[in-house]
Each structure stands twice: as structure tokens, then as C-alpha cells.
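Please open the structure in your viewer and keep the selection panel at hand. The tour goes from stop to stop, saying at each one what to select and what is to be found there.

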Amino acid sequence: MRPDLWLTLKENVLVTDLQMIRPDLFIVLGYVSWWCFNNNLPCRVTSLIDDVPQRVTKTHSQGRAVDVSTRGFGPKDITDLISFLEEKVGHFGAYSKSDGKQRVAIYHDVGLGPHIHIQVKRELNGDLDGKKRNN
């Protein structure tokens, strides 16, 4: 078993930053790691808590976003992982400013290299399965 299949962090990402991400993002990251492991692909986090000048929003510094490298992934791997995340944890996803759609993961390159950007919604409501409860 390759150790990089569980979860590795890029050199500039601090392991202590994992303690500062939101619980719902931590759950989504677990699904990413599980999918990568089962598809024999590396799970490498390239950004967690940071204040990179190129950032359009503050979601990373708020602990609501993580970037995962797609190095070693083919185009089908990228779409399969995003589809898997939407199916399993899409209800955690943030709402897009451009079209209002809820998405938990997108593939893009905003000047930092192509990667999968994972982002959770602003409110943390405690619903693990996305179903509303009257408690």
C-alpha cells in the first residue's frame, strides 16, 4: 500500500491547519481520501488555511475550503471524484456566487495550478445527511 494514498500535505501546508478546518469540511476531505485510496490515486492537499493574495474569497482562511492536487489524475478521474463527492456530501457544498448552484467541489485553475477546490457552505447546521430536522 502506498502511504500517499491516505492523505499527504504539500510542504507549505501545516498539519496543525487540519485542526482549524470546519468539521463538515473534514468529513468531505475524508471522502476524498477514501475515494483516492480506492482508486489507487494520491490524495495530496495543496492548500488549507492560508491568505494567498490570488484568493478571490476568504473561504480558505475561514476553514471552509481545501485544494486537492490532481497530479496523476486523468480527466475521467477528476469528473468521477467530483461526481462521487456531489452524490455523497453535496449537501455540504457552498452556493456559487456566479450561478447560485450548490457545489461541494469544482476543478479549476485560478493561477495556482489545476486542482480540485472543495468548499462548504457558510452555515454549519449539524445535519450530516442534508435532511432537515425539527429539534
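Begin with helix H1, whose buried residues pack against E2, E3, H2 and E7. Keep in mind throughout that this is a predicted model.

To see that packing, select residues 23–38, which make up H1, and then colour its buried residues, which are Asp24, Leu25, Val28, Leu29, Val32, Ser33, Trp35 and Cys36. An α-helix has 3.6 residues a turn, so residues three or four places apart point the same way. You can also check the length of the helix: at 1.5 Å a residue the 16 residues of H1 should span 22 Å, and the end C-alpha atoms are 23 Å apart, which agrees. Step just past the end of H1 and you come to Asn40, which takes a positive phi of about 55°.

Now zoom out to the whole protein chain, which holds two helices and seven strands and which, read along the sequence, follows the pattern β-α-β-β-α-β-β-β-β. Buried residues account for 40% of its 135 residues. Of the contacts between residues at least 6 apart in sequence, 65% join residues at least 24 apart.

Next, select the strands E1, E2, E3, E7 and E6, which in that order form an open sheet of five strands with mixed pairing. Strand E1 (8–9) and strand E6 (105–108) stand at the edges, and because each has a single partner strand, one side of each is left without a neighbour in the sheet. With the sheet in view, bring back H1, which packs on it by touching strand E2 (44–47), strand E3 (65–69) and E7, and whose direction makes about 15° with that of E3. Then add helix H2 (residues 75–89), which also packs on the sheet, touching E6 and E7, with a direction at about 160° to that of E6.

Stay with the E6 edge and select E6 together with strand E7 (residues 115–119), since the two pair in the antiparallel sense over four bridges. Which residue of E7 stands opposite His108? The residue to look for is His115, while Ala105 has Ile118 of E7 opposite. E6 and E7 form a hairpin with six residues between them, and in the turn Gly111 has a positive phi of about 100°.

From the hairpin, move to Thr70, whose place is in the loop between E3 and H2. Is Thr70 buried or exposed? Thr70 is buried, with a relative accessible area of 8%. Select its contacts as well, which, leaving aside neighbours within four places in sequence, are Ile78, Tyr107, Pro114, His115 and Ile116.

The following stop concerns the aromatic rings, among which a search of the whole structure finds four pairs. Select Trp6 and Phe37, whose rings have their centres 4.6 Å apart and their planes at 20°, so the pair is stacked. This pair links distant parts of the chain, as Trp6 lies in the segment before E1 and Phe37 in helix H1, 31 residues apart. Both count as partly exposed, Trp6 with a relative accessible area of 46% and Phe37 at 28% relative accessibility.

Another stacked pair is that of Trp34 and Phe84, at 5.6 Å centre to centre and with 15° between the planes. Trp34 lies in helix H1 and Phe84 in helix H2, so this pair ties together parts that are 50 residues apart in sequence. Phe84 is buried, with a relative accessible area of 12%. Add Tyr31 to the selection, and you have one aromatic cluster made of Tyr31, Trp34 and Phe84.

Finish at Cys36 and Cys43, and show their sulfur atoms. Why is there no bond between Cys36 and Cys43? The sulfur of Cys36 is 4.4 Å from the closest cysteine sulfur, in Cys43, which is too far for a bond, given that a disulfide needs sulfur atoms within 2.5 Å. The count of disulfides comes to zero. Cys36 is buried, with a relative accessible area of 0%, and Cys43 is likewise buried, with a value of 0%.

Methods: Residues numbered from 1 in each chain as written. Predicted model: local features only at pLDDT ≥ 70, side-chain atom pairs only at ≥ 80, totals over all residues. Heavy atoms only, no water. Pairing = 2+ DSSP bridges. Contact = heavy atoms within 4.5 Å. Axes fitted to C-alpha atoms, helices over the stretch in contact; angles between N-to-C directions. Expected span 1.5 Å × (residues − 1). Buried < 20%, exposed > 50% of the residue type's maximum accessible area, 1.4 Å probe, protein only. Phe/Tyr/Trp six-rings, centres within 6.5 Å; stacked < 30°, edge-to-face > 60°.
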